Every structure is written in structure tokens, then in C-alpha cells.
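Please look over the model shown here. Start with the overall fold, then move to single helices and one side chain.

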Amino acid sequence: MGRQLRWAPCSGCGAVDHVRSGTWDAPLCAKCTNPDPDYWGRCPVCRTTWQLSTRPCQRCALDRQVRDLLAGNTGTIRQDLVPLYKALSGAERPTSTMFWLSGSKVGGLLRQIGRDERPVTHDTLDELPASKVLAHLRSVLVATGALPPRDERLVALDQWITSALQARTDLTERRILHGYAVWHHLRRLRRRLGQEHTTHLQALNVRCHVTAAANFLDWLSDSALTLGTCTQVDLERWIADPKATYRDETSHFVRWSVQHRHAKGLTYGTVRWTGPCGTIDSEKRWADARRLLHDDTLATSDRVAGLLLVLYAQQIATISRLTVDDVHLDNDKVGITFGTSPVVLPEPLAGLVRDLIATRRGKARIGAPDDAPWLFPGGRPGQPIGDDRLGLRLQKIGLQPRQDRSTALFTLATEVPAAILARMLGVHIQVAVQWQKASAGDWAAYAAEVSRRAPTPAGEAQTNEVPDGQHPRTTNPPGLTT
């Protein structure tokens with residue numbers, strides 16, 4: 001087993017080291033394999049690592065490699081790079097880190113940062129060519145405290161909008177598009193986010209609207225028109241064009257243009273949401289739930305995320321940013337908070353959540369903090385799994401996140417009053433009311449009928465009869481009670 005150079009926590013002393021003996025479940029390091037100090041050699045640098053050879057141990061070799069990359073021209077590591085140095089040299093598995101640092105892109109980037117005499121900031125990193133290596137290294141710097149956290153999706157969206165605006169040669173078009181993209185969409189997005197970070201769908205929504213506006217302006221220019229000279233006949237001609245794209249987003253831009261007096265006399269109707277467009281397949285919902293509850297071949301994280309989707313109608317973005325603090329372990333009960341009130345989870349879902357908390361770990365091995373709060377850690381240190389990445393993982397196990405959430409919301413809205421739905425699931429009360437109306441779950445009439453009932457005399461059993469024409473509550477997920 002020692003020849004495999006496997007790194008693992010020693011079952012004897014707990015140190016993360018090369019496995020020299022033992023079993024797969026109970027590995028032993030060199031010191032615990034043979035405690036005779038004369039049997040092993042010593043690392044000539046640290047004099048503490050027990051090993052067969054007299055070469056520097058891998059941890060000391062890693063330390064030297066990191067120093068060579070970050071020391072720069074002065075031969076010493078700058079103070080602002082010390083957290084990064086500690087994170088790299090103190091990685092749990094030196095072999096993997098040395099292999100990662102040996103890559104030309106990673107090594108060249110670290111050497112460039114080490115030689116730059118300016119302090120490491122987000123602005124200095126933004127000057128470097130964008131790449132996956134730079135993005136990962138930035139997350140390491142944030143996780144180690146060398147850089148403050150920032151909303152990377154929002155920054156990328158802002159940069160994309162800036163590039164789109166600079167591509168407009170007509171100054172009038174640029175001014176209109178700037179008002180629509182920056183002062184309308186970005187401003188509203190920042191106000192909605194508050195202290196949260198931008199989700200994949202939020203950024204995609206803004207990109208689609210800005211792209212639609214730019215495409216419509218291009219069509220007007222190709223037709224020798226402007227927003228000010230465009231008539232309803234011209235707009236109808238664009239609507240009738242089978243090649244037209246982003247129709248809903250373009251209708252929003254047209255209405256915004258009329259409201260802000262960039263255009264006049266134009267009307268472009270919008271379709272009011274009246275309910276889900278896809279098929280509401282309750283049988284598939286329960287079949288998916290049974291499979292996720294009992295299929296041990298699936299990853300625990302995927303099973304929990306899928307069950308939160310199909311049973312409790314949670315958005316992918318909400319699931320991905322759940323923290324351990326959102327889960328409440330109380331003796332034999334497990335609760336989770338989506339909205340303002342916790343929901344009690346049933347078995348075996350409760351057991352799966354316990355296992356997830358005990359075994360959760362992201363793919364990041366460098367700079368990942370031990371106290372990361374995320375229930376679903378991601379591939380970058382200190383960050384949760386991306387909502388786009390989680391959506392792809394759920395699709396791979398046979399779920400359709402958007403349609404499955406619609407089915408769950410439709411079913412719950414039929415069986416649970418809107419107020420409870422909003423409080424338990426964390427959806428807006430107006431959204432809950434809309435889904436209730438779409439599912440014909442007239443709980444308002446039921447509540448009015450209950451309020452007119454005569455008080456039940458003491459000692460008599462109270463019946464929960466549902467008025468004629470109303471929908472009785474059938475099988476709600478545990479924790480959602482009326």
C-alpha cells in the first residue's frame with residue numbers, strides 16, 4: 001500500500017501523511033507503522049518527517065516551490081501574499097498541489113503576481129487576461145482573506161454591458177442602450193440583490209434583455225429607422241418577421257422606450273402569466289421522490305438537492321446557497337428553513353441531510369476553509385456550488401428542474417393556503433397567490449367558511465370538513481401544515 005503514495009489521515013495519530021500500511025478504512029502513517037526511530041530516515045530540512053529516503057519530504061519540497069514562485073525579485077514574500085503562501089504550502093496533499101503548481105499557466109501566473117510590486121487587489125487581477133486559472137486563484141485569495149469577497153457574476157455582467165455599449169457607434173443608440181442596461185436592469189438587479197450574490201439565471205436574464213434591445217436597434221438601423229421614427233406599422237413588420245428573436249424581451253424594451261419618451265405611439269402587448277405551460281405530472285413527481293429517497297447509487301448531495309426540488313419546490317439558486325445554519329438538528333428531528341418558519345423533514349430525507357452535513361466537502365483542496373458554511377460546497381474554495389452546475393447535475397440524474405419545480409408548486413398550491421406556502425417555502429406571497437389561483441386551490445373561501453363556524457363545545461371532537469367544491473388537503477410534505 002505504501003507504494004501507492006496515497007495521502008490520507010492516519011488512523012493512529014490523525015496526521016495527514018503518506019499511507020505506509022493498515023487498511024483502506026484504517027490507514028497508518030510511517031511512524032504508526034513502525035515506531036522504531038532507527039528504522040526510518042529523516043527529512044533533511046524539517047527533521048520531523050519519517051520516510052525511507054533522505055531527500056526533502058514532499059511538504060518541504062512544496063514549500064520551496066511556493067517560495068520560488070512568490071518571492072519575486074526581492075527573494076522574500078510580500079506581506080499581502082503571506083496568506084496565499086500559507087494556503088499553498090499548507091495544502092493537505094502536497095503531491096497534488098505540486099502537480100498543480102507545475103503547470104505553465106499556474107506557475108507563470110503566480111510568478112507574475114510575485115514579481116508585481118503592487119499590492120494584490122481585484123483591480124490588479126482584472127488587468128490580467130481572464131482565464132479559469134485566474135478565476136480559481138482569485139477564489140483562493142478570497143478564501144484565505146488576502147482579497148475581500150465580491151460578486152464575480154455581477155462584475156462579469158457589468159464588464160459585458162460595458163463592451164456592448166462601446167460596440168455601438170451611434171451615440172444616440174449608445175445613450176438609449178446605456179439607460180436601459182445600466183439605469184434600468186443593473187440598478188434594479190443591485191437593489192434586488194442586497195447582500196446576496198447574483199445567480200446564473202439573474203445574470204442571464206439581464207444579458208437576454210440587453211441583447212434583445214441591441215438587436216432591435218440594429219434592425220431599426222438596417223431599416224433606416226430610429227426609435228423616434230419607428231411607427232406601429234414598422235413594429236408590426238418586425239413582429240411578423242419569422243427570424244425575429246427575443247420577442248418577450250424586445251416587447252419589454254419597446255414599452256420602456258415609450259415610457260422614457262425615446263419612442264411614441266408604439267404598443268407591444270405582453271402575455272399575463274396564468275399558470276404553468278408544461279404538463280403537471282404528479283405521478284412522475286412521486287416516482288422521482290421515491291427513487292431519490294431509496295437509490296443508494298446516487299450521490300447524497302444530489303439526492304438531497306433533488307428532494308428539496310421535487311418535494312418543497314425550491315429554486316436551484318436557493319438550494320445551492322443553503323448553509324448548515326439553515327438546518328436545525330433537534331434530537332431525532334431535522335428541520336430546514338427556506339422562508340421564515342422551519343420545515344420538519346421526514347425520514348429518510350432527514351437521515352440523508354444528516355449524512356450530507358457529516359460528509360459534505362467541495363472539490364477545492366487548496367485554500368478551502370474548514371468552517372465553510374455551505375451545505376453544498378462547490379469547486380472553488382469557500383464558495384457554494386454554482387446554481388448552473390447544480391442544475392446540470394440534477395439533469396444528469398433524470399430531473400427537469402424547471403418543470404419539476406412547477407409541478408411541485410402547482411401541487412402544493414392546491415393543498416396548502418398561500419400564506420403558509422409563502423412562509424414555509426420562502427416564496428413571495430403574490431407568487432403563492434398566483435399559483436393558488438392557477439391550481440384552483442380556493443383556500444380564501446375555505447378560510448372564510450372556517451371563520452363563520454360556531455365554536456366547538458368543550459369535550460366534543462372537532463371535524464375538519466371541507467366545504468363542497470373545495471379541494472381537501474391530501475398528502476403534503478411533512479412540515480407544511482394548515
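The report below goes from the whole chain to two helices in contact, then to one helix and one residue.

**Whole chain**

This is a predicted model. The protein chain has 21 helices and nine strands. Of its 482 residues, 41% count as buried. The accessible surface comes to about 26900 Å². Carbon and sulfur atoms hold 52% of that surface. Among contacts with a separation of 6 or more, 56% join residues 24 or more positions apart.

**Helix 14 against helix 18**

Two packed helices are described by the angle between their axes and the distance between the axes. Here are the two partners.

| Helix | Residues | Contact residues |
|---|---|---|
| Helix 14 | 300-312 | Leu309, Val310, Leu311, Tyr312 |
| Helix 18 | 401-415 | Pro401, Asp404, Arg405, Ala408, Leu412 |

The axes of helix 14 and helix 18 come within 7 Å. They cross at roughly 45 degrees. That angle falls outside the ranges for roughly parallel (under 35 degrees) and roughly perpendicular (65 to 115), so helix 14 and helix 18 are oblique to each other. By class, their contact has seven nonpolar residues and two charged ones. It has no polar residues.

**Arg303 in helix 14**

Is Arg303 buried or exposed? Arg303 sits in helix 14. Its relative accessible area is 5%. The cut-off for buried is under 20%, so Arg303 is buried.

What does Arg303 touch, leaving aside residues up to four places away in sequence? The list is Leu292, Leu293, His294, Asp295, Asp296, Leu298 and Leu352. Two of the names on it are the acidic-type entries Asp295 and Asp296. Leu394 lies 91 residues from Arg303 along the chain. The C-alpha atoms of Arg303 and Leu394 are separated by 8.8 Å.

**Helix 2**

Helix 2 covers residues 58-70. At 1.5 Å a residue, its 13 residues should span 18 Å. The end C-alpha atoms of helix 2 are 18 Å apart, so the expected span and the model agree.

Which residues of helix 2 are buried? They are Cys60, Leu62, Gln65, Val66, Leu69 and Leu70. What covers these buried residues includes helix 3 (82-89), helix 4 (94-101) and helix 5 (104-115). Just after helix 2 comes Gly72, which takes a positive phi of about 70 degrees.

Note on methods:
Residues numbered from 1 in each chain as written. Predicted model: local features only at pLDDT ≥ 70, side-chain atom pairs only at ≥ 80, totals over all residues. Heavy atoms only, no water. Helix = DSSP H or I, 4+ residues; strand = E, 2+ residues; numbered from the N terminus. Buried < 20%, exposed > 50% of the residue type's maximum accessible area, 1.4 Å probe, protein only. Contact = heavy atoms within 4.5 Å. Areas by Shrake-Rupley, 256 points an atom, 1.4 Å probe, with all protein chains shown as cover. Axes fitted to C-alpha atoms, helices over the stretch in contact; angles between N-to-C directions. Parallel < 35°, antiparallel > 145°, perpendicular 65-115°, else oblique. Nonpolar A, V, L, I, M, F, W, Y, C, P; charged D, E, K, R; others polar. Expected span 1.5 Å × (residues − 1).
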